[in-house]
Amino acid sequence: MGNIKVFAPLKIVVILALFTSLFGCGGGGDSGGEAKSSPDITPPVISIMGDNPATVEQGETYSDAGATADDAVDGSVTVTTTGDVDTSKVGTYTITYVATDAAGNEASASRTVKVQAAVTKSDTTPPVITVLGDNPTKISQGQTYNDAGATADDDVDGSVDVITIGNVDTNVTGDYSMTYEAKDSSGNQATATRIVTVVQPQDAFLSIEQGVSSISMLEGDEKNIVFIVKFIDGNAAEYGVQLEQSVTPTSGVSYTSNYPNGGWLAAEDNSWVVNVTLNAVTAGEYTFTSVVNLVETGQTMTLSLPITVTDDVSRSSMKLSTPGTDKDAIMLGQTEELIVSAKVTRTTNAPETLTLEQVDEAGTGVIATLGSLHDDGIAPDIVAGDFVYTGLHTVTKNSIGELYYRVTNGEIKSGVHTLSVTQLPTSVAPSDFSALITDESGNQIFSNELLVKFVDVTSEDRIQEIVASENGTIVGTVLSLGIYQLQVETNNSLSRLEQVIESLQTYSEVDYVEYSVLASIDAYPNDSEFLNQSNMTTIRADKAWYISSGNTVVGVVDTGIDYTHADLDSKIIKGIDSVSGDDDPMDENGHGTHVAGLIGAESNNSDGIASVAWNSKILAVRGLGGSYAALVSAIRYSADRGTKVVNISGGGYVDSVSLNRVIDYASNKGVLIVSTAGNDASNKIKYPCYYEQTLCVGSVTDLDARAPLSNFGTWVDIAAPGENARSTQLGGGTSIKSGTSMAAPLVSGSAAVIWTQHPEWEPKQIRERLLRSGKSVDAALLIGTSRVDLFEAAFNGSFEIGDLAEWEISGTASSITELGSLRPPSGNRMALLSTGPEEDQMDTTLLKSFVIQPGVTELTLEFTYNFLTEEYPEFLGSPFDDILLITLTLPDGTQQELARDSVNDSEFTPIDGIDFPGGDDTVGHIGFKNVSLTIPVTQGEGEYRINISDSEDDLYDSVLLIDDIVVK
């Protein structure tokens, strides 16, 4: 076959030559034949067609006009076109045109087209919002309100989406604001507002309110709750009002009520107080349902109250978190000492120790019992009594694979933690900052680095084979999340990096591939500089310190912390530096030191600044200022080292599967992640702040306006004052910084304070407390539903949480929004104390205990209260003298009277529309009174008790309303 291929062309040449010699010109020596034709050696001429652009924007349509070719001998010649333009990706593309004539002469030409990132058009005109519908500006209480919404149009973008903020609660009278916000692609924003006023109805209206959101009881417990049934008569007719209450399942919880048989008849506005006593019989989940009914119209309203009854709170509800290890993986054949941590939640009766076990992958079989974890504050445990248990475990493994661990208290078992044994790197590597480039959206990414997640069953050998085939190197891992940090050679080319990504994605073993993005920062007592810390007084941290100054470990994932700073040196636990890849988290920027000082600087020491949770500890972890790989590693370490709160004052504008996974990982380990919305004065989404599990913080001024640079959006959860915040600076002393970076640590510190009060709580409970207790902010600002108020979160002195959490209750009490025409003097709620429900009176007491910190010489208490009684006016001067008494019990047992009122000695005025069952239909009240008393403190640190009681005679006929209790 080879000889045929070589020689066949030679035979053809010989035959042609012979043919020419016999019949060609000049044959036989005749010189008078035809002239010989010239050979065709001229290539075709190619003409590129069309006025095609040399540059197009990403996403535009590109249609190539092609080319034509002409040849001097052959005329028109066919053109072959190769190459295309992918306008979905930024890059430079070449279209090549080739033409060949009959003589084999070839010509080529090319056209170069550059696809560039879409250029934002110069659009400075905001959208125009049209509020839709002929919606009423006034609506009667109880009617249905359906908002018609709004539309928006923009000169450049056309139709623009509209976000609607607010709602109208037609059960409660007042003014409600519906805000419509539209934003075009250039960032121009417009807002419009519709005001709807809910007024008392012209027709009869009925509603019911309960003062608690849920109830937890032990078997044998008895609890009392208050219901307020409100009737508004629109036409002076007489109506029948009925209340039906029931428990489902029917057995397990019994109840008694002072609701009168047959209900009430009413021809004028009225509010009835109904007291109910619940008795827990059998453990289980129950629902207490209340239905009020207006007989003549058929109108009904239903409330449901969840009730949880447990037989032993320390056994049946305890939860153990999946343990974590400070090392993410161990090297094959090496002996490693691991710090193991686990958390206890859902019980106030925590075990003395937890047992660490090695188990099989399913967690069904115990391989070995490895020792105990302790919550004693002795290293490696960081803080005693925070329900975080820590211990040491030494391990050696001589084969690649996984080890599995869990903790138990003997009966309850945790989830299973996986520890990998590998010959690959066990941590992430420092990123090469010389390889930073900017992508088409302006984000800084590392051009020589990728984050890859392989399918879980993929072997290490296969992973290394795939990476090597792409000329890559595995330089780091976060194996607990299955993430590999790859280094690739791209010569700082974004298009080359994208080619590597595309190639890796062709492997079935690859789950996902993504950029490694730069994780940037988000910032622009009697302590000597406390007067310059208005942010602390805005969130009322100064008042909360009477109750708690925190005793929780907060992880600060940032640029590191200056652990030699005089205001931080005793507070810092050294973690790791994921950016540089070592164990020294010293700050190299100053940002992390400033953040840490706001959370937990030494305070009440007559020097420097005060911090939110100044009795807490801080785990220093450097994870900002490097790549996403470093940030992911830092969050993983913080979660597994036993922190309850992790503050991340930074991140990036690029979504990341790896970053989202580690946030979920930390949340599943019982960690509350607090992060920043960013400082670009836009609604551009910031990560990890955007993720559902993160408590996302925006920044406000001290007057609760949106800070000028704060990002905003419906994805922001809560706000805190981040402007002109003074805190610790790198190298010593203090400095002022502004930004969401300064707002987030106020939320993290507040979380630490609340978690110290309730170490058994889970992250969702801390999150809910901070959100529900915060001061309401204008919804149109899009910086969260509330601004953090630490004192209200810790003390519940205005009862805004919606129940009487943080108070010990004896008797019948609730948090309510109104009683007849009486509204809370501050905020949206107030507390009601009743001497019911029995026909014979019972004492009702609210009790609050708190500890005064060392160095305090006087204590000021402020509150507002109102005393109501049915003994007015017919029992004035009689032996039936109800007494209201509010006292403060000092640590030595002595009592200081704060307020005292009685039926016989106080001045009452009549008030209509309120009825206490069992009495008559006349009620008097003293009106809301403000009390402010300063009491010298000579005993120093100790427990103080506020006692609020309503007692003294044999009949139920008095109520106390109290609000806005403040300690300062």
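A residue is called buried when its relative accessible area is under 20%, exposed when it is over 50%, and partly exposed in between. The exercises below apply this scale and a few others to a predicted model.

**Exercise 1. Charges under cover**

Determine which residue forms a salt bridge with Asp 522, and whether each partner is buried or exposed.

Solution.
Step 1. Asp 522 pairs with Lys 686, and the closest N and O atoms are 2.9 Å apart. The cut-off for a salt bridge is 4 Å, and the pair is accepted as a salt bridge.
Step 2. Asp 522 has a relative accessible area of 3%, so this residue is buried.
Step 3. Lys 686 has a relative accessible area of 2% and is likewise buried.

**Exercise 2. Salt bridges across the sequence**

State how many salt bridges the structure holds, then describe the one between Lys 453 and Asp 511.

Solution.
Step 1. The structure holds 28 salt bridges.
Step 2. In one of them, the side chains of Lys 453 and Asp 511 meet at 3.9 Å, N to O.
Step 3. Lys 453 belongs to strand E34 and Asp 511 to strand E37 (residues 510-517), so this pair ties together parts that are 58 residues apart in sequence.
Step 4. The cover of the two partners is then read from their accessible areas. Lys 453, at 3%, is buried, whereas Asp 511, at 45%, is partly exposed.

**Exercise 3. A loop and a strand joined**

Find where Glu 588 and Arg 622 lie, and classify the accessibility of each.

Solution.
Step 1. The side chains of Glu 588 and Arg 622 meet in a salt bridge of 3.6 Å, N to O.
Step 2. Glu 588 sits in the loop between strand E40 (572-577) and helix H7 (591-600), and Arg 622 sits in strand E41 (residues 617-622), so the bridge ties together parts that are 34 residues apart in sequence.
Step 3. Glu 588 has 59% relative accessibility and counts as exposed, while Arg 622 has 9% and counts as buried.
Step 4. Salt bridges can also share partners: Asp 328, Arg 636, Asp 640 and Lys 669 are joined in this way into one network.

**Exercise 4. Aromatic rings**

Give the count of aromatic pairs, and explain why the pair of Phe 433 and Phe 446 is edge-to-face.

Solution.
Step 1. Rings pair if their centres lie within 6.5 Å; by this rule there are 18 aromatic pairs.
Step 2. The centres of the Phe 433 and Phe 446 rings are 5.5 Å apart and their planes stand at 80°, so the pair is edge-to-face.
Step 3. Phe 433 is in the loop between strand E32 (417-422) and strand E33 (436-438), and Phe 446 is in strand E34 (residues 444-454); the pair therefore ties together parts that are 13 residues apart in sequence.
Step 4. Phe 433 is partly exposed at 40%, but Phe 446 is buried at 0%.
Step 5. Elsewhere, ring pairs link Phe 231, Tyr 239, Tyr 259, Trp 264 and Trp 272 into a cluster.

**Exercise 5. Backbone geometry**

Locate the cis peptide bonds that precede Pro 380 and Pro 873, and describe the phi angles of Asn 724 and Asp 964.

Solution.
Step 1. Ala 379 and Pro 380 are joined by a cis peptide bond with omega of about 10°. Pro 380 is placed in the loop between strand E29 (366-374) and strand E30 (388-396).
Step 2. The bond from Tyr 872 to Pro 873 is cis, with omega near 0°. Pro 873 is placed in the loop between strand E55 (858-869) and strand E56 (883-889).
Step 3. Asn 724 is not a glycine, yet its phi is positive, at about 50°; this residue is in the loop between strand E46 (718-721) and strand E47 (725-728).
Step 4. Asp 964, also not a glycine, has a positive phi of about 55°. Asp 964 lies in strand E63 (residues 958-967) and is partly exposed, at 25%.

**Exercise 6. A charged patch**

Identify the residues of the negative surface patch that includes Glu 268.

Solution.
Step 1. The patch is formed by Glu 268, Asp 269, Glu 874, Asp 912 and Asp 921.
Step 2. Glu 268 is found in the loop between strand E20 (264-266) and strand E21 (270-280).
Step 3. The relative accessible area of Glu 268 is 59%, so this residue is exposed.

Technical notes
Residues numbered from 1 in each chain as written. Predicted model: local features only at pLDDT ≥ 70, side-chain atom pairs only at ≥ 80, totals over all residues. Heavy atoms only, no water. Patch = residues over 30% accessible without salt bridge, like charges linked within 9 Å, V, L, I, M, F, W, Y side chains within 5 Å. Areas by Shrake-Rupley, 256 points an atom, 1.4 Å probe, with all protein chains shown as cover. Lys, Arg positive; Asp, Glu negative; His and termini not counted. Charge placed at Lys NZ, Arg CZ, Asp CG, Glu CD. Helix = DSSP H or I, 4+ residues; strand = E, 2+ residues; numbered from the N terminus. Buried < 20%, exposed > 50% of the residue type's maximum accessible area, 1.4 Å probe, protein only. Phe/Tyr/Trp six-rings, centres within 6.5 Å; stacked < 30°, edge-to-face > 60°.
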